[in-house]
Protein chains: 2
Amino acid sequence: MADRFFCDDLTSDKPCLSGTEAHHAVHVLRLKCGQSIQLFDGVGTVAEAVIEDIQRARVIARATATSFIQKDTQNSLTVAAVPPKGDRLKWMVEKLTELGVDTYVPLLTERSVVDPRKSKLDKLATTVTAAMKQSGRRWRMEIGEPQTLPLLLQHCKDSDDTILLAHPGNATEPTEAEAGGRTLLIGPEGGFTESEVQLAADHNARQIAWPDSILRIETAAIAFAARLLR
Amino acid sequence: MADRFFCDDLTSDKPCLSGTEAHHAVHVLRLKCGQSIQLFDGVGTVAEAVIEDIQRARVIARATATSFIQKDTQNSLTVAAVPPKGDRLKWMVEKLTELGVDTYVPLLTERSVVDPRKSKLDKLATTVTAAMKQSGRRWRMEIGEPQTLPLLLQHCKDSDDTILLAHPGNATEPTEAEAGGRTLLIGPEGGFTESEVQLAADHNARQIAWPDSILRIETAAIAFAARLLR
């Protein structure tokens, strides 16, 4: 398969790579003029292309075929998880991107310990791009702004999303894929507080749990997402 | 919840911690006499206990309650995956343990690039123990000996396991949980060769694939395991 690159403008028949994408093509993969590449814009368009010109910090390609597929927004999956510590956040975002989650929202809860610094969250865009290049996904996973649980629950209610609250101790079977917009809530180490669980219940959240195990944040996010995605 | 420790002999009413487990209790968590702990042997027994004596390299406890649950061996899940590079192997083993996979087998295929060194595989036992302590699982995930694909397929056939071959490009829906022994096969970067896919088909393997994405080894292992586990 041809190497894949992110290119935010695929409307031209001479799409350009710049910045880190150009660097990756020229200096890491050492691609040459005449080689085939694949370009994606993260919002549904994928182009087959051939490298025409390599300049100092730009690669100019010629699109030979372009396809666009509208994203299915009816069955979206948002994962709102408290950011796990250290590398685990990056790892989680990589995996959620590969699997096809639509949006990741850093969730703020009463027991959250990691304050997601803006600089750290900004870097996740690079992680998402790398995971898309590797996995061949067509649509970009969005990284939402950090949100508190009450605001997020209100937002889900307003948009009529099914709310799934991962909460250990409850013996419910993990939920299978179902239709409609869904938001999966993953709490911090130590879990949601009782008042948070009650608040979620007041917003019609359904509790889900993994049998016989207390999963880490990133494991819960990936495992439940894998079960919920079609 | 009380801190959990691995103890391979829970037959005595005075179970002992030694080695790294004693070190963890005394020097990391700084537990004292009289404190409650939970002990597990990884083969079905869990004991509630109280620390009675702390010696130089041993912790002696008194079991106050013991429970044993026989493992359900009828619906076992074995994940046979080519060991991914670097930290990804450790990460994968941690997650498979948390989720409740029964056995991980390092798989050797035609395109395998990482030769699983014995020292590296030996260290996975520590990863499994740590993940059990953290997640509260009762049964240990076994780490099998590295196996070639032909031998593993023959073994699955002999033991009447359902064989599930993760192979991108095929549009099959990811398989839901089903009964009986199952072995999930995850190939290397670059995938199984055509002759390997044919060999698996000759052994009645069913192909499964993740829609619209080429998953990394560890992502595929975790995501398909999450879908297959009950």
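Two residues are in contact if their C-beta atoms, placed from the backbone, lie within 7 Å. The model is predicted: local features need pLDDT of at least 70 and side-chain atom pairs count only at pLDDT 80 or more, while totals for chains, interfaces and linings use all residues. Residues are numbered from 1 along each chain as its sequence is written, and chains are lettered from A and ligands numbered from 1 in the order in which they are written.

**Exercise 1.** Determine how many residues each chain gives to the contact, and which elements of chain B supply them.

*Solution.* Step one: chain A contributes 21 residues and chain B contributes 21 residues. Step two: helices (H or I, at least four residues) and strands (E, at least two) are DSSP runs, numbered from the N terminus. On the side of chain B that touches chain A, two or more residues come from each of α2 (87-99), α3 (118-135) and α6 (217-228) of chain B. Step three: α6(B) provides the largest share of that side, 5 residues. Step four: the residues of the side of chain B that touches chain A comprise 8 charged, 7 nonpolar and 6 polar. Here Ala, Val, Leu, Ile, Met, Phe, Trp, Tyr, Cys and Pro count as nonpolar, Asp, Glu, Lys and Arg as charged, and the others, Gly among them, as polar.

**Exercise 2.** State by what turn and shift chain B can be laid on chain A.

*Solution.* Step one: copies are superposed by least squares on the C-alpha atoms of residues with pLDDT of at least 70 in both. Step two: a turn of 180 degrees, with a shift of 0.0 Å along the axis, lays chain B on chain A with an RMSD of 0.0 Å. Step three: the two copies are therefore related as by a two-fold rotation axis. Step four: in chain B, the C-alpha nearest the axis belongs to B:Arg227, 2.7 Å from it. Step five: the same surface serves both copies, as 100% of the contact residues of chain B recur in chain A.

**Exercise 3.** Identify the strands of chain A with which β3(A) pairs, and the sense of each pairing.

*Solution.* Step one: two strands pair if DSSP finds at least two bridges between them. Step two: β3 (residues 36-40) of chain A pairs with β1 (residues 3-6) of chain A in the parallel sense, over 4 bridges. A:Leu39 in β3(A) is the bridge partner of A:Phe5. Step three: β3(A) pairs with β4 (residues 45-54) of chain A in the antiparallel sense, over 5 bridges. A:Val50 in β4(A) stands opposite A:Ser36.
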